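The following exercises concern helix packing, burial and strand pairing. Please examine the sequence and the coordinates before attempting them.

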Amino acid sequence: MTEVQAPLAGKVAIVTGAGRQRGIGRHIALALARHGADVVVTGSGRKPEAMPADEREAGWKDAESVAEEARALGRRAIPMVVDVTKADEVKRLVDVTKYQMGRIDILVNNAAAGRGSDRVPLVDLEESEWRRVLEVNLNGTFLVTKAVGKALIEQGEGGRIVNIGSIAGRLGMPSFGAYAVTKAGLVLFTQVLAAELAQHKINVNCVCPGLTDTYRMEDITRPGPIHDAVMRTIPLGRAGEPEEVGELVAFLCGPGGSYVHGQTINIDGGRVMM
């Protein structure tokens, strides 16, 4: 009987913003690893005092812990602390990946600015908060994509790029101004990039999660009036799981997603139907 090869065997993936235990980035990296890819995972290098209580209790080590999980699946894995807003650190990410892994096939732009005091009406939003969110979500994505995109073109074997957006970028949600604008920007960023990179056989797509049960959204996923109100807007009546987002990204990066290009795909239980 012929052994079935994992669909991403021999591929190397970079996943940014993958250091949180209860985060989408971690589960994207692990899904890619389960499908056969070796992974380079980046985190912000958070100290234990900056972590939530459950991560501290678990002895969580940011991107290193995710890399350990990928290695337990039989994959090569490299954890790196990278500030995606700094071109020199992004260059180091690409250089280390090429040197230690030998190639790059997949980029998942998941790194995003943490929730802060930006969740206020636009007229009350501090300029510093506006710039902070744009710097990571848009400029950081641009810098990483530019560096990895050039590497993929030079390699000459095609590739996949998946940008992680949000349904906040598809709806005019109050008090989400800076975040929503950046996520909406990723939709057009994806389309432009897809048009430019098609000639190099590099597929580019965007995935927009809705409410997902992660640390970032636990104020909504916890039982209570806010939770109940949000659930009434989701036809499937539940929050998504980060593993579900990971599997969608892995599909887009595998042979089944070879003809999906320039698309923005919602994974939100039916909340936004476009």
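Three exercises on this predicted model follow, each with a worked solution.

**Exercise 1.** Determine how the axes of helix 5 and helix 6 are oriented, and characterise the contact.

*Solution.*
Step 1. Helix 5 covers residues 127–155 and helix 6 covers residues 177–197; their axes come within 9 Å and cross at roughly 15°.
Step 2. Angles under 35 degrees count as roughly parallel; helix 5 and helix 6 are therefore roughly parallel to each other.
Step 3. The crossing of helix 5 past helix 6 is right-handed.
Step 4. On the side of helix 5, the contact involves Trp130, Val133, Leu134, Asn137, Leu138, Thr141, Phe142, Thr145 and Ile153. Helix 6 contributes Gly177, Ala178, Tyr179, Val181, Thr182, Lys183, Gly185, Leu186, Phe189, Leu193 and Leu197.
Step 5. Classified by residue type, the contact of helix 5 with helix 6 holds 13 nonpolar, six polar and one charged residue.

**Exercise 2.** Establish the packing of helix 1 against helix 3, and state how far helix 1 is covered.

*Solution.*
Step 1. Helix 1 (residues 24–34) packs with helix 3 (residues 63–72) at an angle of about 20°, and the axes are 9 Å apart.
Step 2. By the criterion of under 35 degrees, helix 1 and helix 3 are therefore roughly parallel to each other.
Step 3. Helix 1 passes helix 3 in a crossing that is right-handed.
Step 4. Arg26, Ala29, Leu30 and Ala33 of helix 1 meet Val66, Glu69 and Ala70 of helix 3. This contact of helix 1 with helix 3 comprises five nonpolar, no polar and two charged residues.
Step 5. Burial requires under 20% relative accessible area; ten of the eleven residues of helix 1 are buried, and the helix is mostly covered. The buried residues include Arg26 and His27 as well as Ile24, Ile28 and Leu32.
Step 6. Just after helix 1, Gly36 adopts a positive phi of about 115°.

**Exercise 3.** Which way do the side chains of strand 1 point, and how is strand 1 joined to strand 2?

*Solution.*
Step 1. In a regular strand, side chains alternate between the two faces of the sheet.
Step 2. In strand 1 (residues 12–15), Val12 and Ile14 point one way, while Ala13 and Val15 point the other way.
Step 3. All of these residues, Val12, Ala13, Ile14 and Val15, are buried.
Step 4. Strand 1 and strand 2 (residues 38–43) run parallel and are joined by four bridges.
Step 5. Within this pairing, Ala13 stands opposite Val39 of strand 2.

Note on methods
Residues numbered from 1 in each chain as written. Predicted model: local features only at pLDDT ≥ 70, side-chain atom pairs only at ≥ 80, totals over all residues. Heavy atoms only, no water. Axes fitted to C-alpha atoms, helices over the stretch in contact; angles between N-to-C directions. Helix = DSSP H or I, 4+ residues; strand = E, 2+ residues; numbered from the N terminus. Parallel < 35°, antiparallel > 145°, perpendicular 65-115°, else oblique. Left-handed = near helix turned anticlockwise from the far one by under 90°. Contact = heavy atoms within 4.5 Å. Nonpolar A, V, L, I, M, F, W, Y, C, P; charged D, E, K, R; others polar. Buried < 20%, exposed > 50% of the residue type's maximum accessible area, 1.4 Å probe, protein only. Pairing = 2+ DSSP bridges.
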